[in-house]
Amino acid sequence: MDNNTPPVCNYEDSDYQTSFWDTSDRAYEDAVEAVALKRLLPKSGDLMLELGAGAGRNTSRYGGYKRVVLVDYSKTQLEQAQARLGTSEKFIYVAADIYHLPFVNHLFDGATMIRTLHHMADAPLALGQVKRVMQPGGKFILEYANKQNLKAILRYWLKKQSWNPFALEPVEFAALNFDFHPKAIRNWLTSAGFKLDRQLTVSHLRSPFIKRLLPLAVLVHLDSEFQYTGALWQLTPSVFVRSHVDGISEGNPQAGFFQCPSCGNDDLQKHDTEQVCAGCGRIWPIVNGIHDFRIQIQS
Ligand SMILES: [Zn+2]
């Protein structure tokens, strides 16, 4: 494995959870995401990989899974998740970047990546890593920001926006913030080895005017009904797609769990406060229950 990584978006020391979700007017977005997730999640499973878990806003929605591995690049976000969810066998906290996932192949039977691909400069590379760590038959729920949304189309037609919402390449509208074309996402998922199951369009009514006009319950009800049109077309700012890895799971064929993100060796000697890679000798700390596998932060 090489250590050349595309730039990583870091929410370290960010108050994203409180400023974006807890105090601002995001109840609608949160509620309609919950509806989409409920529709797409399998009823039960063994081991869920939550990529870009942040402060654990969605984690409690994976109650059907026996264990959840929360991955985020920011350790402070994971600390907030820990404060919310507690420390138990059920939750495993891992600081890592998605381009170098510190897990053995074919480990997980479920994975979600919500509001996270948005920050990936190399989305196909990230999706390839997700595929690598998933079992055959494993279900993957991906949310992405859709560049081909109605607002972007109107702005483009009115010449208020230079980039073309119909073009397949991602648009970086702010540093490390990307919107994607639905067809590009489908192509990448297929190339990575996923088979598409369903698409739901989400946040049809994400407009300050509409959100002021209608009560929350009505907004959520309407969006819930509209989500099914995702099978036909995708014109919302947010899209959920569920896919699966082809084949039937025979469980995790390997005894291992973690692997060294630096050299790919899965022989890690575990101590109380660190794991030591038998391949390259690198030390991966465990601090207050958080497994730190970030390649770039350590030297
Ligand atoms: Zn190593």
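**Notes on the aromatic residues and Gln 148**

1. Let's start with the rings: Phe 103, Phe 108, Phe 257, Phe 258, Trp 284 and Phe 293 come together as one aromatic cluster. Bear in mind that this is a predicted model. Across the structure there are 11 aromatic pairs.

2. One of those pairs is Trp 157 with Phe 166. Their ring centres lie 6.3 Å apart, and the pair is classed as tilted because the planes meet at 35°, which falls between the 30 and 60 degree limits for stacked and edge-to-face. As for surface exposure, Trp 157 has 58% relative accessibility, so it counts as exposed. Phe 166 comes in at 37% and therefore counts as partly exposed.

3. Now have a look at Gln 148, in the loop that links strand S5 (134-145) to helix H5 (150-157). This residue is buried, because its relative accessible area is 14% and the cut-off for buried is under 20%.

4. What does the side chain of Gln 148 reach at 3.4 Å? That would be the backbone oxygen of Gln 234. Gln 234 also turns up among the residues that Gln 148 touches, leaving aside those up to four places away in sequence. The others on that list are Ile 153, Pro 165, Phe 166, Phe 180, His 181, Pro 182 and Leu 235. So Phe 166, the ring partner of Trp 157, is also a contact of Gln 148.

5. One last ring to check is Tyr 73: the charged end of Arg 294 sits over it, 5.8 Å from the ring centre.

Technical notes. Residues are numbered from 1 along each chain as its sequence is written. This is a predicted model: local features need pLDDT of at least 70, side-chain atom pairs count only at pLDDT 80 or more; totals for chains, interfaces and linings use all residues. Side-chain values use heavy atoms; hydrogens and water are left out. Helices (H or I, at least four residues) and strands (E, at least two) are DSSP runs, numbered from the N terminus. Buried means under 20% relative accessible area, exposed over 50%, partly exposed in between (1.4 Å probe, protein chains only). A polar contact is a pair of N or O atoms within 3.5 Å; within protein, one must be able to donate a hydrogen and the other to accept it, and residues adjacent in sequence count only if both atoms are side-chain atoms. Contact means heavy atoms within 4.5 Å. Rings of Phe, Tyr and Trp (its six-membered ring) pair if their centres lie within 6.5 Å; planes under 30 degrees apart count as stacked, over 60 as edge-to-face and the rest as tilted. A charge sits over a ring if NZ of Lys or CZ of Arg is within 6 Å of the ring centre and within 35 degrees of the ring normal.
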